[in-house]
Amino acid sequence: MLLTITTTFQPATDLGYLLAKNPARLHTVDLAFGRAHVFYSEATPERCTAALLLEVDPVALVRDGDVFDQYVNDRPWVASSLMSVAIGRVFGTALGGRSRERPELAETPISLVARLAAVPCRGGERFLREVFEPLGYTVTATNHALGEPFGASRYFTVELSATITLATLLSHLYVLVPVLDDKKHYWVGKEEIDKLLDYGEGWLGTHPNRDIIVRRYLRHDRRLTRDALARLVDGDPDAETERNEAAEEALERPLSLDEARRVSVVAALKVAGAKRVLDLGCGEGKLLRTLLDEPGFEEIVGMDASIRALELAERRFERVPERKRARVKLLHGALAYRDSRLAGFDAAAVVEVIEHLDPPRLGAFARALFGHAKPATVVLTTPNVEYNALFPTLSGFRHADHRFEWTRTEFAEWAAAVSDAYGYRVRIE
Ligand code: SAH
């Protein structure tokens with residue numbers, strides 16, 4: 001279980017003063033469930049990285065906590081509430097916002113990147129982002145997928161970047177890591193409310209997912225959750241809790257393949273830093289609608305060959321307020337033709353579209369997109385024919401209009417050939 005914190009604030013080695021841990025030394029602290037080590041993997045004036053490595057003894061967990069009924073579990077390897085305990089013990093002064101040598105710096109927002117090697121997240125990447133992005137973090141999440149046919153797992157490597165005080169970063173981690181995990185290694189009591197309100201001060205009360213965070217932190221204990229919310233907000237906490245329970249249920253309902261795909265595409269567009277995006281073959285505009293909810297996408301253009309699809313997309317925006325609606329534009333057009341309206345974009349999404357093109361038209365499509373429109377990034381999906389074995393009632397292709405469905409190898413070969421020909425780099429997920 002590894003947490004690293006990196007700063008490029010200069011002199012970066014001041015991180016040692018902020019954490020009250022000398023970069024030149026290895027620090028080891030004994031905890032009830034194992035040991036915590038702090039060391040620095042780099043310490044130069046330009047860049048400094050402190051690592052908190054937790055060595056969890058699964059036997060000690062069983063003996064002391066009597067909570068886990070088995071020796072074999074994921075606890076030793078993942079960021080959980082044990083990580084919060086360690087942060088409290090090892091970085092207690094920093095968590096409290098104090099620093100003997102650098103008191104002013106402790107209160108100054110500096111550029112910080114926290115990286116957690118393995119975070120179990122109930123609710124997946126969407127929940128992870130909904131928790132950290134409203135706090136101003138740029139979130140990078142890499143899922144540790146299981147082999148076929150299981151797909152994504154609940155474990156992510158997570159990187160959080162923000163310009164923020166170290167104490168705020170540590171309080172976010174302290175509260176939110178166990179919330180993502182949604183398990184606790186000890187029973188919660190009333191004193192947990194004080195801790196939560198203490199570390200949540202200044203951010204939890206106004207967090208859009210406040211209620212879910214509170215409820216998960218307090219282990220879904222209704223009474224504690226109600227008391228905590230009552231102290232956090234004015235209003236009727238009962239009604240609030242119920243409303244939010246429904247919201248979480250909706251949130252955690254298993255994602256359909258279609259939704260999961262859209263979440264991944266949006267994440268890829270964000271990672272690319274795209275502000276002006278195209279959705280080519282936008283269909284009825286589901287992706288466009290999702291993109292509109294993300295203010296970072298400043299200009300969104302959907303294109304489709306089907307007038308009917310564009311009408312349905314248009315209808316989807318009817319109830320969107322005009323200011324927001326103004327960020328999206330629909331174009332009638334065809335993918336395999338050069339179109340100067342598509343030039344100069346940061347990114348293009350081409351989601352489940354190329355399989356509708358006759359294979360001999362793919363060359364013209366690639367020329368028009370990669371050779372002519374030339375968006376900086378292209379996020380392109382197409383069905384994986386190997387996956388079809390998992391649909392019990394399917395024979396043939398997934399859609400009557402599909403002209404082909406590729407194996408993963410066929411897709412990788414096409415992607416490599418196109419990126420070679422037009423000077424793109426390719427990454428397959
Ligand atoms: N991207 C959407 C729709 C996928 S369905 C989604 O993921 O839900 C494929 C879409 O591609 C259809 O809306 C179809 O009208 C459009 N399409 C197919 N061939 C096209 C072409 N040559 N030019 C433009 N759009 C095309």
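These are my notebook entries on the ligand site, three paired strands and two backbone oddities in this structure.

**Entry 1: the model**
I am working from a predicted model, so everything below is computed from its atoms.

**Entry 2: who surrounds the ligand**
I started with the ligand and looked up its neighbours. The shell holds 14 residues, and Gly281, Gly283, Asp304, Leu335 and Val351 are the closest of them. I then sorted this shell by class: seven residues are nonpolar, five are polar and two are charged.

**Entry 3: polar contacts of the ligand**
Which backbone atoms lie by nitrogen atoms of the ligand? I found one at Gly281, where a polar backbone atom is 2.7 Å from a ligand nitrogen. Val351 offers another, with a backbone N or O atom 2.8 Å from a nitrogen atom of the ligand. At Leu335, a polar backbone atom and a ligand nitrogen are 2.9 Å apart. Next I checked the cover: on its own the ligand has 570 Å² of accessible area, and the protein covers 74% of that.

**Entry 4: the pocket**
I also asked where the ligand sits in the list of pockets. The space it takes is the second largest pocket.

**Entry 5: strand pairing**
I moved on to the strands. Strand 1, residues 2-7, runs antiparallel to strand 5, residues 110-120, and five bridges join the two. For a handle on the register, I noted that Thr7 has Leu112 in strand 5 as its bridge partner.
Strand 5 also pairs with strand 7, residues 155-164, again in the antiparallel sense, over nine bridges. Here I wrote down Pro120, whose bridge partner in strand 7 is Tyr155. A reminder to myself for viewing these: side chains in a regular strand alternate between the two faces of the sheet.

**Entry 6: a cis peptide**
Where is the cis bond? I located it between Gln10 and Pro11, with omega at about 0°. Pro11 belongs to the loop that links strand 1 to helix 1, residues 15-19. Strand 1 is the strand that I had just seen joined to strand 5.

**Entry 7: a positive phi**
My last stop was Arg219. This residue is not a glycine, yet its phi is positive, at about 55°. I placed Arg219 in the loop between helix 9, residues 210-217, and helix 10, residues 222-232.

Definitions and conventions. Residues are numbered from 1 along each chain as its sequence is written. This is a predicted model: local features need pLDDT of at least 70, side-chain atom pairs count only at pLDDT 80 or more; totals for chains, interfaces and linings use all residues. Side-chain values use heavy atoms; hydrogens and water are left out. A residue is near a molecule or strand if one of its heavy atoms lies within 4 Å of it. A polar contact is a pair of N or O atoms within 3.5 Å; within protein, one must be able to donate a hydrogen and the other to accept it, and residues adjacent in sequence count only if both atoms are side-chain atoms. Accessible areas come from the Shrake-Rupley method with a 1.4 Å probe; for residues, only the protein chains shown count as cover. On a 1 Å grid over the protein atoms alone, a cavity is a set of points where a 1.4 Å probe fits but cannot get out, and a pocket is an open set with protein on both sides within 12 Å along at least five of seven lines; lining residues have an atom within 4 Å of a point. A molecule sits in a cavity or pocket if more than half of its atoms lie within 2 Å of its grid points. Ala, Val, Leu, Ile, Met, Phe, Trp, Tyr, Cys and Pro count as nonpolar, Asp, Glu, Lys and Arg as charged, and the others, Gly among them, as polar. Two strands pair if DSSP finds at least two bridges between them. Helices (H or I, at least four residues) and strands (E, at least two) are DSSP runs, numbered from the N terminus.
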